[in-house]
Amino acid sequence: MKYLFAAAMLASAVVGFSEAASAAQGCGPGWYRGPYGGCRPMRGAVVVRPAPVYVAPPVVVVPRARVCPYGFRWYAGRCRPF
């Protein structure tokens with residue numbers, strides 16, 4: 001008898017979970033929850049076209065000259081007195 005009861009409980013749990021999965025957040029099949037909690041219909045597939053490719057001219061970066069004040073020289077990554 002207890003095996004029959006356990007099998008019935010297992011079957012009811014499987015059926016219960018399968019129905020909850022098709023409910024889609026409580027709105028039903030074909031619907032979903034919106035940002036404010038309302039049910040909204042699901043639309044068809046969204047097709048996104050790829051963006052056009054733009055080729056930009058190359059950019060040349062010239063490092064600026066290191067200028068240290070009078071009495072200093074550039075050494076080890078900073079101006080240091082000599």
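This is a walk through a predicted model of one protein chain, from its overall layout to its hairpin and its disulfides.

Let us start with the layout. The protein chain holds one helix and four strands, and reading from the N terminus the elements come in the order α-β-β-β-β. The helix, α1, covers residues 2–22, and strand β1 follows at 31–33. Strand β2 takes in residues 39–41, while β3 spans residues 72–75 and β4 spans residues 78–81.

How much of this chain is buried? Of its 82 residues, 5% are buried. The accessible surface is about 8,100 Å², and carbon and sulfur atoms contribute 67% of that area. The contacts add to the picture: among those with a separation of 6 or more, 0% are between residues 24 or more positions apart.

Now turn to the C-terminal pair of strands. Strands β3 and β4 run antiparallel and are joined by four bridges. Y75 faces R78 of β4 across the pair. Two residues lie between the strands of this hairpin, and A76 adopts a positive phi near 55° there.

The disulfides come next. A disulfide is a covalent bond between the sulfur atoms of two cysteines. How many does a search of the whole structure find? There are two disulfides, and with the bonded cysteines counted along the chain, they follow the pattern 1-2, 3-4.

One of these disulfides connects C27 with C39, with an S to S distance of 2.2 Å. The link of C27 and C39 is left-handed, with -80° about the S-S bond. Because C27 sits in the loop between α1 and β1 whereas C39 belongs to strand β2, this pair ties together parts that are twelve residues apart in sequence. Are the two cysteines buried or partly exposed? C27 has a relative accessible area of 15%, so C27 is buried, the cut-off being under 20%. C39, at 38% relative accessibility, counts as partly exposed.

The other disulfide brings us back to the hairpin. C68 is joined to C79, with 2.1 Å from S to S. C68 lies in the loop between β2 and β3 and C79 in strand β4, eleven residues apart, and the pair links distant parts of the chain. The link of C68 and C79 is left-handed, with -85° about the S-S bond. C68 is buried, with a relative accessible area of 18%, and C79 is partly exposed at 27% relative accessibility. Strand β4 therefore holds C79 of this disulfide, and it is also joined to β3 by four bridges.

Note on methods. Residues numbered from 1 in each chain as written. Predicted model: local features only at pLDDT ≥ 70, side-chain atom pairs only at ≥ 80, totals over all residues. Heavy atoms only, no water. Buried < 20%, exposed > 50% of the residue type's maximum accessible area, 1.4 Å probe, protein only. Contact = heavy atoms within 4.5 Å. Areas by Shrake-Rupley, 256 points an atom, 1.4 Å probe, with all protein chains shown as cover. Pairing = 2+ DSSP bridges. Disulfide = S-S within 2.5 Å.
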